[in-house]
Amino acid sequence: MARFIIKRLSQFLPVIIGITFITFMLLYLVPGDPARIVAGRNATPEMLKAIRHDLGLDLPWYQQYFNYLWKLIHGDFGNSYRFRRPVIDILLDDAPKTARLAFMAIVIETIIGILAGVISAVKKYSFWDTLITLAALAGTSIPIYWLGIMLQYFFGLKLGLLPISGYGGFSYMILPSIALASSSTALVALMTRSSFLEVYQQDFVTTARAKGLPERRVIFVHVLRNAMIPVITVIGLDLASLMGGAILTETVFSWPGIGSTIFQAILMRDVPVVLGGTLFLAIVFVVINFIVDIFYALFDPRIRLEA
Amino acid sequence: MAQQELEVIEGMDVAEKKVAITPTREIWKRFRRHRMGMAGLIIVFLIVVVAMLAPFIAPYDPLEVKFEDSLKSPSLKHPFGTDLLGRDVLSRIIYGSRVSIQVGVIAVAISLIIGLILGLVAGFFGSWIDVIIMRLVDITYAFPFLLFAIAIMTILGPGFINVFIAIGIINWAWFARVVRGSVLSAREQEYVLAARALGASSTRIMFKHIMPNIVAPVIVGAALNSGYAILAEAALSFLGIGVQPPDPSWGLMLSDARSYISNAPWMTLYPGLAISITVLGFILLGNGIRDAIDPRLKI
Amino acid sequence: MWRKPGNSISRIDVNLKTRWYTLTITLILVLGLALLSGCAKKEEVEKPKKEGPVKGGTFIHPLYADPTSLDPPHVQESEGYRVAVMIFDGLVDYDPKTLEVKAELAEKWEVSDDATVWTFKIKKGVKFHNGKEVKAEDFKKCWERACAKETASEVAYILAPIKGYDEMQEGKAKELSGVKVIDDYTLKVTLKYPFPEFLKTLGHPVASVYPVEEAEKAVKEKKVWETPVGTGPFKFVSWKHKQEVVLERNPDYWDKEPYLDKIRFRVFADENTAFLEYKAGKLHDAMIPTGQYKTTKADPKLGPQVITGPELALYYYGFNMEKGIFADDKNLRLAIIYGTNKRAIVDTVMGGIPAPATGIVPRGVPGFKPDQVDWDYDIDKAKDFYSKSSKPSEITLTYNTSEGHQKIAEAAQAGYKEAGLNVKLVNIEWGTYLDRLAKGEYPFYRLGWIADYPSMDNFLYPLFHSSEKGNNNFCFYENKEVDKLLEDARKETNAGKRQEIYAEAERKILEDAPLVPIYFYSYARVVQPEVKNYKWNGMGLVNFDEIWLSK
């Protein structure tokens, strides 16, 4: 286990450096002058020159990149070109908001997804199974933002049950998190179903049943517990992808999260915000991956069954 | 990194399970019995037909602006209503299928080609080449997909071809990983080892013995990925950085429709349905092919 | 978003008995969720219950973007502007109706005959929100901070007429040589050149007053000043980025105390969502999304809540007069001008809200001249001019990415097509667009111009004076006669005569056809019935300090 962890940690660094480098190069290649966006329409050539110098944009690209890395090593993410605020402040403002949404989406996909998957598997080929499977397939096919707009229209406007948009307490989170969770829930349901069915035909289940355990116990204790491992892994990884994938949901629901911040920053050539934001999301992704792997290594059913 | 280990979980180490390629007829027989797969095939087929015959079946020119017909609700004349500029929504959806089908095919072909080459190289040559390619895969995976696509689109500028490229570029890693996995396990198969011992060249081994093992997962992956590529195009166009207007793209139509959700809901409803049904078609088709080729193949 | 293909249907057949409770649990959960959503706390706007002007209540107003900054030298867009003018005061302000200049913190002022030396008497006893009294010195320091090179203000150019501005911008001076403090309540300002409209520029937030030491301290410690302190009718309470800015009544306001207890500026990512929120009763006012103007107007409930009026802004398609296919081809420019279906754009795409442009300076600007040009859609004239032009087979119209610009471009394209002009559309997102525009890379492009202050000068000088080429003059327009007129106008102290000169310059510019003026902006908003005395002016500002809420 220790060797595994060390090996994995040693792979972090190249990924982190790769991410910053690729993001940096992408932004460097994007046409448009950040200085002009900072300065606005009324900027004089002298002003642009001064701003470029101020932001270090007049240096060759490798120097700009190494300056960025050097600052990063010292924990400095730089300042936003546009808002002048430190990037770290912006990230600390936004990331928890997206995390709230992602977490809520995870809760929905876990509860609804697993339940639907179990029902589907237990009642295989029944009406419910077909319904759930079809709903799940539809769930993976529907564009998130379209679902979001529809939810806003029906629950927010027509029925007036929920806030249409904006950042706020629990009630504000319901619609965006449903939209965000839609396709993940569908995937979890489908995955639970197949994983459940696979475990179900394994020997230990037959043994458990042969021992005269009640069917309910067999399902919930023996089958579900083992079938859940791949499902939980996927849910864990989903948390990472939801963090970065929330741009559309955030845009539709005016949710002030990290996705929409990075999106706007790309359009506005706010290089430090894009770099910091992407790096942040990548770190989240890598760390969650790592945790999931450890979890998997610890709880592999084969290991347990052998013991 | 994470993904390698995860292959076990997601069952991507396909060839390990000794995929036996059944004759095409056998596969087709199995596929025909797969109801959802058939449904997917029919949907995809119909959409391809619609896309190809668009000029013949569309009742109107999708670009023809008629100010006097602005925002007309669905009627016999315009079954899906008209948009702000009086253009027929049905005709625009019919033409929009061309964008989606092309994205589904071309963007996926781009990622498939990149992924196939890099996956083969990584799997076949191993050592440091493999390490570099796999790190690249890791990095690509660690990028939030949509943000990556947005960044590429801002470099290339909006446009039809650029959307293919952007989506193609972000999706290659998946193919690379699957192909590499297949190559790695195929490499250890007895017949490959035998061929090597007989002095067959690397290229020959690759094409004669390893390629067939890769076909199954790649076909299935291509079908499924097409669905996601279509969603991606719609999302980029929705954000205004995808296909250039006035080319009718479903995502673009949705973004146009947002301001009219309360007075012209048909503008939102139909393009959204078109996207969902098309994507669903590709996913069903992918699942069906997979089940037909090898029920144990898990992608 | 889209994701990688996941595991889906499995095929292992297992026979199992029915367990209804699994279904029941699902149902309970689904119902529970639905119930929770039903119990969601409803946040309705507060409605005080008295007649006539009444104190109290919180006004909830939508902003369509997080303000870039509330620090006066960095207030650059209308959202921040609208908030900032409630926190800060300047020497002068604009009348909410006529947009003429009126005194604010200035008691009175005198101007030399040549309009270069301005002496302001400042009101005594005005206090900042932190309790400190406002002195002439404060104005000097604030303006110097705005003009200093280190501040890199985006809007300092508004103070450019002041003597010493250039030295400050270049970092060669620490003080504005043109600003002298005579005593605690007297400020003498000397300009580089005669500029009778100087007073108008002083209504901009960049010229307002605040305790400079607070701003400097904050910038030193946190890079930005996000807890603004001014002398305005409202005090800053909080700013949650991308969520809301909250202001509260300033009980010690030097002028008439406002009625509202608080203003909540809620930030929205898009206007459609904000409009839905308004309809759900959660905002006191909102902009009507263009597509919904007609239906809103016709709606029995919402119709009476609609208010409209002119806004000081011009939407136009410009030509590059220096390079590209339009540069030396006036016939081609005129073909496009007559081929632009302004009426259809205004009526269909813009929902009838704005007015087709009749010149460059929009109505509402003091001195506005109606019917400067008569460029209505005329297919025959367009065809005629095209036949006399170089007849390019394809013309490209470039615009920056936005749903609205796109629809206008599509409508325009349809009009051009009818007139036999083959116009191709290309959209470029703003970051790239601005840069290439400044380099003169687009022969035919979209732009808009919104007044910094209500003056004809602000529409003509920056857009068409040759010194502004590639800066604001993206037409790269150069006409010695026009330059002369614009310079003369700036020196003319008689307002009536000045406006005549500007009108003359405007006519001259239009004769050269460097642009297609498309429409003059209008606002179209809805305001809840309980909101009284609400005024939205042509500068995009609201008189929050005069509004009250009744039942």
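Student: Before we start, what counts as a helix or a strand here?
Tutor: Both are DSSP runs, numbered from the N terminus. A helix is a run of H or I with at least four residues, and a strand is a run of E with at least two.

Student: Thanks! With that in hand, how many helices and strands are there in chain C?
Tutor: Keep in mind that we are looking at a predicted model. Counting both kinds of element in chain C gives 16 helices and 19 strands.

Student: And what does the secondary structure of chain B come to?
Tutor: Reading chain B from the N terminus on, every element in the run α-α-α-α-α-α-α-α-α-α-α-α is written as α. The tally for chain B is therefore zero strands and twelve helices, by the rule for DSSP runs.

Student: What box do the C-alpha atoms of chain C fill? And those of chain B?
Tutor: Both boxes are taken along the principal axes. For chain B the box is roughly 75 × 45 × 30 Å. For chain C it is roughly 100 × 70 × 50 Å.

Student: What radius of gyration does chain C have, set beside a compact globule?
Tutor: Chain C has 551 residues, and a compact globule with that many would come out near 24 Å. The value for chain C agrees with this, because it is 27 Å.

Student: Where do the domains of chain C lie along the sequence?
Tutor: Domain 1 of chain C is made of two stretches, 58–284 and 528–549. The other domain of chain C is domain 2, at 311–522.

Student: How far apart are the C-alpha centres of those two domains of chain C, and how many residues of each are in contact?
Tutor: The centres of domain 1 and domain 2 of chain C lie 31 Å apart. Their contact takes 16 residues from domain 2 of chain C and, from domain 1 of chain C, 21 residues.

Student: Which three residues supply the most of the area that domain 1 of chain C buries against domain 2 of chain C?
Tutor: The whole area buried between these two domains of chain C is about 1500 Å², and carbon and sulfur atoms give 59% of it. On the side of domain 1 of chain C, one trio supplies 30%, more than any other three residues. The trio is Pro196(C), Glu197(C) and Lys200(C).

Student: Which residues form the salt bridge between the two domains of chain C?
Tutor: The rule finds one salt bridge across this interface of chain C, alongside seven residue pairs in polar contact. In the salt bridge, the closest N and O atoms are 3.4 Å apart. The partners are Arg498(C) and Glu197(C).

Student: Let's move to the chains. How large is the area buried between chain C and chain A?
Tutor: Their contact takes 76 residues from chain A and 74 residues from chain C. Carbon and sulfur atoms give 59% of the buried area, which is about 6500 Å².

Student: Which residue of chain C forms a salt bridge with Arg84(A)?
Tutor: Between chain C and chain A the count is three salt bridges. In the one with Arg84(A), the closest N and O atoms are 2.6 Å apart, and the partner is Glu154(C).

Student: Which helix gives the most to the side of chain C that touches chain A?
Tutor: Four elements of chain C each supply at least two residues to that side: helix 1 (20–38), helix 7 (271–279), helix 13 (430–438) and strand 16 (444–450). With ten residues, the one that gives the most is helix 1 of chain C.

Student: How large is the area buried between chain B and chain C?
Tutor: Here the contact takes 35 residues from chain C and 42 residues from chain B. Carbon and sulfur atoms give 58% of the buried area, which is about 3500 Å².

Student: Which side chains meet in the salt bridge between chain B and chain C?
Tutor: There is one salt bridge between these chains. Its N to O distance is 3.0 Å, and the side chains are those of Arg87(B) and Glu410(C).

Student: And which helix gives the most to the side of chain B that touches chain C?
Tutor: Among the helices of chain B that each supply at least two residues there are helix 8 (160–187), helix 10 (202–238) and helix 12 (266–293). The one that gives the most, with six residues, is helix 10 of chain B.

Note on methods: Residues are numbered from 1 along each chain as its sequence is written. Chains are lettered from A and ligands numbered from 1 in the order in which they are written. This is a predicted model: local features need pLDDT of at least 70, side-chain atom pairs count only at pLDDT 80 or more; totals for chains, interfaces and linings use all residues. Side-chain values use heavy atoms; hydrogens and water are left out. Contact means heavy atoms within 4.5 Å. Buried area is the accessible area (1.4 Å probe) that two parts lose on being put together, summed over both. A salt bridge is a side-chain nitrogen of Lys or Arg within 4 Å of a carboxyl oxygen of Asp or Glu. The radius of gyration is taken over C-alpha atoms; the globule rule is 2.2 Å times the number of residues to the power 0.38. Domain bounds come from an automatic or database domain assignment. A polar contact is a pair of N or O atoms within 3.5 Å; within protein, one must be able to donate a hydrogen and the other to accept it, and residues adjacent in sequence count only if both atoms are side-chain atoms.
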